[in-house]
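Here are a few helix exercises to try by hand. Have your viewer open and work each one before reading the solution.

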Amino acid sequence: MKPKISNAMLNVWLAAMAAGVLFMEHFHRSPKFLIGTCAALVMCGIIFTWRRKNLTAWIIFPIIFFTLGGLRFSSVDNLPPNDISKFAGQAVQISGVIREEPQVKTLPNGLRQMRFVVDVQGEMQGGLILTYYPKENEQLPTARIGDKISASGNLKLLHNYNNPGQIDSVTRMKANEITARLSAGKQGISIEEVDGGLWIKFLRMVAAIREHYRASMAEVMSAEDAAAIFAMLFGGYAGLNPELVEDFQTTGIVHILSVSGSHMSMLAMATAWLCLLLKFPRGVTFVIGFFVIGTYAILSGLLPQVLRSATMGVLIFFAKTLDAEAEGARLLTLTALAMLINQPLLLFDVSFQLSFTATAGLMYLSEDLRNAMERLPKFFTEPASMTIAAQLASLPVIVWYFNQVSLSSVLANVFVMPLLEIVIIGGLLGGILVAVVPVAGKIFFAGEALIFGAGAELNRVFASLPFSAVQVPTIGLWAGFFYYAALILRRAIILLPIIFLIGLSVFRFGGELEVSFVDVGQGDCAVVITSSGKCLIFDTGGVREKMFDVGGRVVVPYLKHENIREVDKIFLTHVHEDHSGGAGSVIKKFPVGEVITAGESKSEYAAVFGIAEEYLPPLRAGHAGEIFNVDGVRVEILFAPNVGTGNEISNVYRVRYGGVSFLITGDLVKEVEAQILREGVDVQSSVLKVAHHGSATSSSEEFLRAVNPKCAVICVGYGNTFGHPRAEVLERLENLPTKIYRTDRDGLIKFKTDGKNLRVETFN
């Protein structure tokens with residue numbers, strides 16, 4: 001009998017394949033170059049190991065999987081010529097088939113939005129996100145999975161906010177074969193009902209079952225409770241209370257609001273307990289558990305992330321039910337290999353990263369932790385050991401994306417999760433009961449709402465505890481490597497390099513100033529970090545109509561990624577939402593020493609921030625000629641209007657460090673530029689933040705010559721409808737000459753200077 005391939009070797013192959021994907025993603029080499037280089041390495045490996053056959057597999061197969069990873073990445077990254085994304089930037093008429101159940105939600109600005117995932121057919125092909133905004137009194141069109149849909153509009157590529165630590169939603173969409181987006185124009189959408197085959201009818205039946213659950217719950221409980229319980233059952237954040245989501249994030253159990261591996265494991269364990277009570281054999285228990293997980297995955301819509309969660313849940317159930325942890329670990333590695341071979345872009349998907357690392361932690365660490373806590377009560381040790389194991393294994397991923405570790409997660413998992421598990425299992429049974437005995441089912445759902453309310457309130461208490469969640473600095477690549485080495489080898493001594501590397505990220509050396517122009521879309525935001533880590537922010541971004549919280553979902557995560565714990569001052573150029581709208585979230589998340597404004601009323605800023613006036617930090621108007629010195633950095637207010645409305649009231653700031661300076665101009669218009677020059681104000685600067693996103697109303701030739709910058713930064717949204725930046729502005733900048741950077745193309749733009757030399761890094 002041939003010996004099995006060891007799990008260690010499988011893990012090496014998995015690591016080699018991941019390395020191949022990362023290599024091709026970073027260096028963009030041709031497949032021929034990859035095949036040729038790796039073939040040469042294979043030949044060398046065979047030559048050097050032909051006398052020691054036991055080494056051949058350890059050398060040759062990792063090279064083969066490295067090549068496979070690179071080739072698979074190239075095959076999915078290079079889209080065909082007729083892919084829908086190739087027509088971006090054009091006005092198009094598309095028609096296709098609705099792939100998933102349409103989503104309807106009401107936006108913060110009161111508009112209703114319908115969102116479709118469409119498989120485009122015809123000359124153009126591929127996956128597309130189609131959004132439609134019905135008119136105020138318009139009846140929502142009926143749309144089902146499998147129906148045909150047509151619309152026209154300007155086709156755009158999917159686009160991230162490209163800043164470090166931001167979740168890469170574009171790659172995640174691409175992994176699901178979605179590569180473009182379109183907002184339906186004035187003609188709206190046209191939907192044609194299609195009977196469909198057996199598979200389409202089956203998917204529609206499943207969607208109808210989910211809608212049955214949603215409607216039944218909405219009849220007997222509040223809209224917020226119904227949305228939360230539905231999210232726990234089948235996923236989706238529509239209608240959720242933001243404070244509830246934040247509390248769940250703080251205690252580390254936010255995964256319960258979407259279908260995850262923990263759902264699958266919970267259902268399987270409940271099945272295992274019932275089968276144990278009925279004294280079923282282990283094999284029968286596993287089959288029944290597999291059936292339960294499969295049925296739940298079907299009810300949840302068979303989305304890719306659901307299938308991944310179901311797979312991880314089955315693996316854990318297999319290992320625990322059949323006492324086959326070693327085989328379960330092998331299957332985990334093989335499953336990850338199969339997933340990456342099928343879709344290598346999953347390597348960049350945060351849900352895949354968290355699912356895989358958390359499952360690995362449950363496989364490899366939970367038993368040791370349970371044994372270490374054997375003297376504690378069993379009701380505590382089981383959930384605590386699983387929680388700690390999952391968190392330890394996924395810690396670098398959690399820290400990279402969220403810069404937060406929940407210290408209350410053990411409490412939440414021990415005391416809150418059992419209540420929420422009752423809600424989930426009971427909710428699934430309640431949907432069946434309400435279909436058979438409607439009155440009894442409604443009473444049952446009302447009881448579910450009470451249990452959920454108790455769990456949510458208890459979780460709120462845990463979330464409000466001191467140090468419930470702590471902010472931690474980003475763990476870089478090498479720190480992550482040493483961390484996992486320590487975890488695998490169980491050697492605490494290897495943690496010393498991690499502590500040293502984290503220390504390097506916490507303490508800043510070399511006397512350098514960092515000025516980062518953050519990609520906030522169609523808005524402005526510059527973050528200044530001094531050599532000792534003090535933080536100044538110039539404008540905070542924002543989106544019109546309050547449709548997306550840029551401050552909370554873009555600026556705050558970047559500040560945490562940079563390990564900012566408090567903000568010394570916020571300098572705002574003016575009250576417009578694309579410059580000040582994100583400040584409210586920053587103020588809520590960080591202590592802010594002072595806010596300097598352009599002189600608008602306090603009530604105007606309170607409205608834009610979304611914060612009552614009495615809770616605002618010290619806020620006052622800046623005055624021309626004022627100078628602030630912070631940790632060796634000099635901030636000058638070069639211009640501050642006394643009165644005015646609109647963009648002409650923008651403050652103008654200059655940040656100076658040694659001989660290097662940065663000019664922040666807000667939305668300054670040409671008329672005020674001319675006024676500044678007439679008053680003899682010195683505006684010369686090394687770096688210019690181009691006014692008003694490159695609009696033709698700003699950046700006169702005379703003003704640009706007076707600034708005479710080496711570099712110019714244009715903060716502008718990708719695919720914006722304003723035509724920013726204007727061609728004439730770009731031409732004036734190129735004629736200076738100056739190096740032009742744009743957040744829509746370059747992502748975050750970071751300048752580093754010691755006061756003499758200037759370096760530039762871009763994130764995209």
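The three exercises below deal with helix packing, length and burial in what is a predicted model.

**Exercise 1.** Work out how H14 and H15 are oriented to each other, and what kinds of residues make their contact.

*Solution.* Start with the axes: H14 (residues 378-402) and H15 (residues 409-436) come within 9 Å and cross at roughly 135 degrees. Antiparallel would need an angle over 145, and perpendicular runs from 65 to 115, so the pair is oblique. The crossing is right-handed. Next, list the contact: H14 brings Phe379, Phe380, Pro383, Ala384, Thr387, Ile388 and Gln391, while H15 answers with Ser409, Val410, Asn413, Val414 and Phe415. Sorted by class, that makes eight nonpolar, four polar and no charged residues.

**Exercise 2.** Do the same for H7 and H16.

*Solution.* The axes of H7 (residues 242-250) and H16 (residues 438-463) sit 9 Å apart at an angle of about 60 degrees. These two are therefore oblique as well, and H7 passes H16 in a left-handed crossing. On the H7 side, the contact uses Leu244, Asp247, Phe248 and Thr250; on the H16 side, Phe452, Ala456, Asn459, Arg460 and Ala463. The tally is five nonpolar, two polar and two charged.

**Exercise 3.** Check the length of H12 against its residue count, then see how covered H12 is.

*Solution.* H12 (residues 350-364) has 15 residues, and at 1.5 Å a residue they should span 21 Å. The end C-alpha atoms are 21 Å apart, which agrees. As for burial, twelve of the 15 residues in H12 are buried, among them Phe352, Leu362 and Met363.

Notes
Residues numbered from 1 in each chain as written. Predicted model: local features only at pLDDT ≥ 70, side-chain atom pairs only at ≥ 80, totals over all residues. Heavy atoms only, no water. Axes fitted to C-alpha atoms, helices over the stretch in contact; angles between N-to-C directions. Helix = DSSP H or I, 4+ residues; strand = E, 2+ residues; numbered from the N terminus. Parallel < 35°, antiparallel > 145°, perpendicular 65-115°, else oblique. Left-handed = near helix turned anticlockwise from the far one by under 90°. Contact = heavy atoms within 4.5 Å. Nonpolar A, V, L, I, M, F, W, Y, C, P; charged D, E, K, R; others polar. Expected span 1.5 Å × (residues − 1). Buried < 20%, exposed > 50% of the residue type's maximum accessible area, 1.4 Å probe, protein only.
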